[in-house]
Amino acid sequence: MEQRHLGRTGLRVSRIGLGTLTWGRDTDEHDAADMLKVFWEAGGTLVDTADVYGDGESEYLLGQFVEGLVPRRDLVISTKAGSVPDPDRRFDGSRGHLLSALDASLARLGTDYVDLWHVHAYDAGTPLEETLHALDLAVSSGRARYAGVSNFCGWQLAKAATWQLAAPGIRTRLASTQMEYSLLQRGVEREVLPAALDLGVGLLPSSPLGRGVLTGKYRHSTPADSRGASEHLAPFVAPYLDETASSIVDAVQTAADGLAATPLQVALAWVRDRPGVAAPIVGARNAQQLTAALSVEALTLPDEICRALDDVSAPLHRYPDHDWSTL
């Protein structure tokens with residue numbers, strides 16, 4: 001699998017990442033082990049998790065597989081901290097919480113360091129410089145090799161990345177930002193992606209298959225074994241089952257038919273090769289699903305197909321994103 005630099009750093013990651021959101025909850029240890037082995041054998045390196053995935057079970061499972069199943073040196077392990085199970089405070093970006101959460105993640109993962117550590121979301125209740133100081137301490141102490149953010153909007157990302165760049169050698173530059181991005185969700189193109197490109201921050205798209213909808217599995221019904229039929233994940237899929245999404249899914253199917261490919265391959269290739277994207281993070285239910293996603297390595301979309309998909313899924317971005325004189 002092709003390797004790409006993550007942002008303007010020396011860290012290289014596989015251009016498809018493996019997501020572990022459901023590990024330890026909907027995905028048992030056997031399926032998780034099979035997927036990790038398939039991913040590694042395909043040349044995949046970037047494995048993404050978070051301290052809240054499966055209430056820590058995702059990290060724990062991954063830690064059980066490292067060395068015994070896959071060599072630690074062959075993986076780029078990414079995890080996140082900052083989300084908290086508190087109805088009154090969804091995110092805690094305080095230095096104390098973040099560093100404690102990182103220590104707990106390392107214990108579950110069974111490793112002395114993570115390759116990439118993200119702040120899971122912006123915390124308006126904590127000064128941004130305090131949150132970012134936790135990243136500096138994590139990197140300077142060797143507990144994290146690189147650092148990034150997740151779910152920061154455009155101005156938040158620009159402020160954070162600029163703050164870090166203001167003191168080179170003292171503050172660690174942001175390597176990445178993880179955001180939802182797909183043909184069904186192109187909101188990052190408004191401000192996040194331009195900021196990331198300008199400031200040298202690599203984009204790691206989550207839900208690159210539109211929460212599974214872009215595979216076409218929901219075109220006519222909801223499969224019983226799908227996330228859309230799952231009690232706790234159905235609300236996650238539902239926003240992408242409207243008429244607008246349906247027309248985009250139909251266009252993806254048409255493109256797939258013309259290329260003798262699958263809708264999954266077309267949708268994943270589109271987001272993988274967008275400017276600024278380092279590696280889409282793909283979640284799968286089992287090794288068979290993951291193998292289907294990894295087969296995208298052999299596909300590059302023709303320019304005319306990309307333009308057609310761009311047009312059918314284009315979000316409405318006008319002032320001030322475009323030259324005011326053209327409006």
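Leaving aside neighbours within four places in sequence, which residues is Q178 in contact with?

1. The model is predicted, and this note starts from Q178, a residue of strand β8. Beyond its neighbours within four places in sequence, Q178 is in contact with D48, K80, H118, V149, S150, N151, L204, S206 and I281. Its relative accessible area is 4%, so Q178 is buried. R190 lies 12 residues away from Q178 along the chain, and the two C-alpha atoms are separated by 15 Å.

2. The sheet that holds β8 is open and has 8 strands. Their order is β9-β8-β7-β6-β5-β4-β3-β10, and the pairing is parallel. The edges are taken by β9 (202–206) and β10 (281–282); each has a single partner strand, so one side of each has no neighbour in the sheet. At the β10 edge, strand β3 (residues 17–19) pairs with β10 in the parallel sense over 2 bridges. There, G17 has I281 of β10 as its bridge partner. I281 is also one of the contacts of Q178.

3. Strand β5 (residues 76–81) is largely enclosed by the rest of the structure, because 6 of its 6 residues are buried. The cover is on both faces: V76, S78 and K80 are buried on one side, and I77, T79 and A81 on the other. K80, listed above as a contact of Q178, is thus placed in the account of β5 as a buried residue.

4. β5 has parallel pairings with β4 and with β6. With strand β4 (residues 46–48) the pairing runs over 3 bridges, and V47 stands opposite I77. With β6 it runs over 4 bridges, and S78 has L116 as its bridge partner in β6.

5. Both pairings come with a helical crossover. β4, helix α2 (residues 57–65) and β5 form a right-handed β-α-β unit. A right-handed β-α-β unit is also made by β5, helix α3 (residues 95–109) and β6.

6. Is the length of α4 what its residue count predicts, or at odds with it? At 1.5 Å a residue, its 13 residues should span 18 Å, and the end C-alpha atoms are 18 Å apart, so the two values agree. Buried residues in α4 are L128, T131, L132, A134, L135, D136 and A138. An α-helix has 3.6 residues a turn, so residues three or four places apart point the same way. The elements covering the buried residues of α4 include α3, β6, β7 (144–150), α5 and β8. After α4 comes G142, which has a positive phi, near 85 degrees.

7. The structure contains 4 aromatic pairs. For Y122 and W155 the ring centres are 5.7 Å apart and the planes stand at 70 degrees, so this pair is edge-to-face. The pair links distant parts of the chain, 33 residues apart: Y122 is in the loop between β6 (114–119) and α4 (128–140), and W155 is in helix α5 (residues 154–165). Y122 counts as buried, at 19% relative accessibility; the cut-off is under 20%. W155 is partly exposed, with a relative accessible area of 48%. Ring pairs join Y122, F152 and W155 into a cluster.

8. Y181 and W270 give another of the pairs. Their ring centres are 5.8 Å apart with the planes at 65 degrees, so this pair is edge-to-face. Y181 sits in the loop between β8 (174–180) and α6 (192–199), and W270 in helix α9 (residues 263–272), so the pair ties together parts 89 residues apart in sequence. Y181 counts as buried at 0% relative accessibility, and W270 counts as buried at 2%.

9. Two arginines are placed over aromatic rings. The charged end of R145 sits over the ring of Y113, 3.8 Å from the ring centre. R171 lies over the face of W163, with 3.9 Å to the ring centre.

How values were computed. Residues numbered from 1 in each chain as written. Predicted model: local features only at pLDDT ≥ 70, side-chain atom pairs only at ≥ 80, totals over all residues. Heavy atoms only, no water. Phe/Tyr/Trp six-rings, centres within 6.5 Å; stacked < 30°, edge-to-face > 60°. Buried < 20%, exposed > 50% of the residue type's maximum accessible area, 1.4 Å probe, protein only. Lys NZ or Arg CZ within 6 Å of the ring centre and 35° of its normal. Pairing = 2+ DSSP bridges. Right-handed = clockwise from strand over helix to strand, strands pointing away. Expected span 1.5 Å × (residues − 1). Contact = heavy atoms within 4.5 Å.
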